[in-house]
Amino acid sequence: MLKLYGPCDTPGSTGIAFCEPTLFERSTPGRVGCSLGALDVPAPAQPPAELRRAADAAWPEVSEVEAMRHFVRLSQYNYNIEDGLYPLGSCTMKYNPKINEDLCRLSGFANAHPADEHQGLLQLIYELQRDLAEIAGMDAVTCQPAAGAHGELTGMLLIRAYHEARGENHRNKVLIPDTAHGTNPASAAICNYQVVPVASNEQGILDPAAVAAACDENLAGIMITNPNTLGLFESNIEQVAKIVHEHGGLVYYDGANLNAIMGITRPGDFGADVLHYNLHKTFSTPHGGGGPGAGPVGVKKHLAPFLPAPIVVRDGDGYKLDQDRPQSIGRMRAWYGNVGVLIRAYAYIREMGAAGLRQASEMAVLNANYIRAALQDLYHLPYPVPCMHEVVFTEKDLPNEIATMDVAKRLMDYGFHPPTVYFPLVVKGALMIEPTETFEPEALDGFINALRKIHAEAQADPDLLHHAPHHAFAKRVDEVYAARNLKLTADME
Amino acid sequence: MRYIPHTSEDVARLLSAIGVKNIDELFAAIPQNLRFAGELDLPAPLDEQALTRRLSGLAEQGCCRATFAGGGAYRHYIPAAIDHLLQRSEFYTAYTPYQPEISQGTLQAIFEFQTMIARLLSMEVANASMYDGASAVAEAALMARRANRCDKVLVSAGLHPQALTTLRTYTKWMDVQLVSVPLAADGRTDLAQLAALLDDKTAGVIVQSPNYLGVIENAKAVKELLAGKKTLFIQSFTEALAFGLYAPPGETGADIACGDGQSLGIPLSFGGPHLGLFATTKKLVRQMPGRVCGQTIDAAGDRAYCLTLSTREQHIRREKATSNICTNHALCALAACVYMALIGKQGLRDVAQANYAKAEYLKARLAEVGTLPFAGPTFNEFVWIPQAPADKVLAALDAEGILGGLPLAGFAAGLDNAVLTCVTEANTREEIDRYVEIVRSV
């Protein structure tokens with residue numbers, strides 16, 4: 001069970017405080033939390049009054065001691081990866097190695113100004129580009145994109161630039177299977193592409209005939225997530241890619257689920273023209289409560305001229321930033337990428353090596369199938385076949401019409417983070433479970449036992465689930481109230 | 001492998017429970033002809049000590065410099081307490097707080113972040129972060145197009161060149177017509193030209209202040225030109241601490257304030273991850289890109305927080321979303337949140353004054369050995385033209401372990417020998433004097 005805290009009317013007086021006040025409620029005029037020395041240069045004439053700030057920014061006034069207490073308490077209201085299983089499907093919540101946190105903070109990295117042509121960092125980025133290309137079977141990689149969706153946008157812009165360079169700008173249709181990631185349509189839209197959905201077949205994968213039927217002379221490409229969001233490998237991927245290529249389209253491969261296939265199969269070897277990597281999923285960099293991640297993009301040779309500038313290249317014995325890329329789609333952001341994240345991923349790949357990465361994928365798939373096998377008698381499995389790194393159950397046939405959300409919230413009472421819920425949309429009431437390789441079998445057993453008990457509770461006492469969580473940091477949070485009574489800052493009425 | 005717990009006994013037990021003979025059976029869905037034969041060609045694995053030696057060796061290749069370079073990335077004092085909080089697993093290993101009952105810590109911190117950013121920028125609402133300033137500017141242009149249903153966006157030539165190229169990339173296929181507004185002789189946006197280019201089809205005007213040349217724009221005068229028009233005034237920035245001294249976007253009439261918050265407690269890290277900031281008005285909030293956290297109640301009636309307005313976002317609205325952004329820069333936002341709490345109301349004034357005073361000090365001294373082409377007021381960076389060739393000056397500083405600034409050759413006419421130099425509270429007077437001595441010796 002999760003930690004239990006006392007009532008919130010008197011913070012700190014009953015057990016551990018539950019309702020930590022806001023910083024603004026804690027603020028006391030005159031308190032100082034920083035150490036800024038006296039000015040060691042003469043005080044200058046002030047700029048003209050009409051350009052100066054009129055009213056102070058009311059940042060709080062707290063000592064360092066109070067600030068630390070405030071944020072440490074807040075941290076305790078979070079579930080984290082070291083509390084236990086964090087089986088969010090499609091999110092790949094694996095352990096974040098501690099040494100990598102230390103390495104990205106080395107002074108020579110953390111304090112490097114991007115205008116300094118730092119040879120060590122350029123070498124690191126160059127080698128990471130090379131290793132990522134090898135892992136997915138691509139020819140060239142850019143490390144600029146800041147996140148998966150940013151990588152998707154980069155990839156789709158590359159496809160747009162490729163067609164434009166060939167005088168085929170009329171191609172404006174992108175096929176997106178119903179088992180693709182949620183960000184795909186929004187990324188395609190920024191390229192002014194028209195999104196054409198393609199339904200998966202009764203096996204939960206793409207049917208080459210369905211893809212062929214959707215192809216015409218306006219086809220720009222297809223965005224495929226593989227393994228798809230049902231946790232199934234698209235067995236027809238080679239034919240699908242062939243059909244798309246025959247119609248002059250390109251294959252965008254959403255690599256968010258790469259954790260299932262490292263060293264086992266390479267998208268670049270069976271038709272992917274462009275692919276993004278999620279370093280914050282597959283390569284163990286932390287999710288940070290929502291970011292920053294990194295979404296490098298790999299391409300085959302025919303797309304390489306269009307990669308964002310600059311890109312890191314060899315320069316004699318050293319490395320340099322190549323800005324001279326006339327066909328480039330341009331920049332996706334300032335500077336070169338989320339280097340702090342790239343360092344962590346580089347360190348991970350260097351410690352794991354080829355065999356370690358393959359083992360990670362094998363154990364991720366083993367763990368997911370273990371959960372599948374242990375729960376399929378109680379929870380509806382829409383596609384009863386071995387899965388890859390994640391397994392999707394649904395709410396169908398749960399006792400007393402218990403919904404996915406009730407199961408998810410009740411899992412918190414057993415000390416687990418819920419799986420991804422209501423996604424993918426292709427099944428109703430999805431429970432999408434991705435355990436990753438970094439949890440031992442005993443942790444999986446605890447999770448499985450909890451879900452089995454919850455199933456029994458659904459039969460015996462459905463209200464127990466309707467009102468869950470009972471032992472989390474907050475009772476069930478009213479998200480509708482938040483949208484109807486919009487309060488986005490402490491000052492907003 | 002220390003990150004994978006499974007022993008061979010564990011593997012055997014799991015395989016048996018699944019009912020398969022070996023691991024390979026689990027991959028049966030992958031056709032044999034698509035299997036990768038052999039082993040990936042990656043460097044041999046390193047143990048922790050060897051890994052540390054290797055990375056330390058790389059890190060040292062750019063270490064220990066005094067930095068006078070800004071141009072969108074600033075070296076500032078970062079209170080040590082910040083990183084101690086960032087390294088709490090509860091914060092850095094957590095996912096996006098989609099399950100609010102067990103994510104209240106992250107959510108309350110985001111709510112406090114949004115509040116403090118809104119107060120800094122003097123805007124009504126702020127989102128939970130974007131990737132960086134450049135992509136935030138691009139998103140602002142797309143938002144103006146959406147809000148006004150017209151396609152022309154005027155862009156001051158004082159916009160950071162990387163933000164401009166990012167803006168071009170983002171808008172290339174989106175029917176946005178970008179029109180550049182030149183700078184006047186004082187280094188500020190030419191208001192007469194701006195007025196001439198402004199028309200009823202102008203969705204937005206983007207002006208960066210301090211601009212790329214470090215000069216403070218006359219934002220109030222720009223706002224006056226927009227009076228009575230639907231055109232959105234987009235004020236961008238790369239140096240958020242300037243608003244400890246100068247009028248923030250909200251005080252000068254911005255409809256959207258966007259830019260980089262790296263100066264708020266985030267290390268340089270060779271250009272990323274930094275922190276995109278995005279703030280707007282209550283009226284425009286439903287057009288805003290990115291995640292946002294709101295205050296609410298839980299089933300017991302207690303105050304709680306959750307992500308809200310998700311009907312704008314990609315996972316609900318698909319291709320009609322306000323942006324494709326999903327993962328943002330949450331942990332950088334947390335760093336900024338702690339920074340703003342520690343620096344506080346008085347600290348913001350003090351740190352801004354220190355930047356201004358030190359930059360003014362170096363500026364006055366460099367006037368002895370070069371010229372200052374722009375008369376407009378500045379914050380912590382400014383343009384100067386050395387008497388000697390700029391590359392020689394920068395090389396001489398480099399030889400003494402000083403990153404002397406950014407060369408401006410190619411940015412605008414007349415700046416071929418100009419240098420953009422930045423001084424922050426992290427530069428000591430001793431360093432500044434040394435800088436001048438070296439320049440004088442070239």
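Modeller: Helices are DSSP runs of H or I with at least four residues, strands are DSSP runs of E with at least two, and both are numbered from the N terminus. The model is predicted, so to speak with care: local features need pLDDT of at least 70, side-chain atom pairs count only at pLDDT 80 or more, and totals for chains, interfaces and linings use all residues. Residues are numbered from 1 along each chain as its sequence is written, while chains are lettered from A and ligands numbered from 1 in the order in which they are written.

Biologist: Thanks! Where does Pro210(B) sit?

Modeller: Pro210(B) is in the loop of chain B between strand S5 (202-208) and helix H10 (219-225). The peptide bond leading into Pro210(B) from Ser209(B) is cis, with omega near -10°. Chain A has a cis bond between Asn226(A) and Pro227(A), where omega is about -5°. Pro227(A) lies in the loop between strand S4 (219-225) and helix H9 (237-246) of chain A. Most peptide bonds are trans.

Biologist: Why is Ser284(A) called buried?

Modeller: A residue is buried if 20 or more other C-beta atoms, placed from the backbone, lie within 10 Å of its own, exposed if 12 or fewer, and partly exposed in between. Ser284(A) has 25 such neighbours inside 10 Å, so it counts as buried. Ser284(A) also has a positive phi of about 70° although it is not a glycine.

Biologist: And what makes Glu401(A) buried or exposed?

Modeller: Glu401(A) has 10 other C-beta atoms within 10 Å and is therefore exposed. Glu401(A), too, is a non-glycine with a positive phi, about 50°. You will find Glu401(A) in the loop between strand S10 (391-394) and helix H11 (404-413) of chain A.

Biologist: Which strands of the seven-stranded open sheet in chain A stand at the edges, and why are they called that?

Modeller: Two strands pair if DSSP finds at least two bridges between them. The order in this sheet is S1-S7-S6-S5-S4-S2-S3, with mixed pairing. Strand S1 (140-142) and strand S3 (194-198) of chain A each have a single partner strand, so one side of each has no neighbour in the sheet, which makes them the edges.

Biologist: How do you know that S5 (residues 250-255) of chain A pairs with S6(A)?

Modeller: Four bridges join the two strands, which run parallel, and a pair needs at least two. One bridge links Tyr253(A) to Leu275(A) in S6(A).

Biologist: How many residues of chain A are in contact with chain B?

Modeller: Residues are in contact if their C-beta atoms, placed from the backbone, lie within 7 Å. By that test, 172 residues of chain A are in contact with 164 residues of chain B. Helix H10 (residues 339-375) of chain A gives the most to the chain A side, with 23 residues.

Biologist: What makes you trust the span of helix H7 (residues 133-148) of chain B?

Modeller: The expected span is 1.5 Å times one less than the number of residues. For the 16 residues of H7(B) this gives 22 Å, and the end C-alpha atoms are 22 Å apart, so the two agree.

Biologist: How many of the residues of H7(B) are buried?

Modeller: In H7(B), 15 of the 16 residues are buried, so to call the helix mostly covered is fair under the cut-off of 20 or more neighbours. After H7(B) comes Arg149(B), whose phi is positive, near 50°. Across chain B, buried residues make up 61% of the 442 residues.

How values were computed. Contact = placed C-beta atoms within 7 Å.
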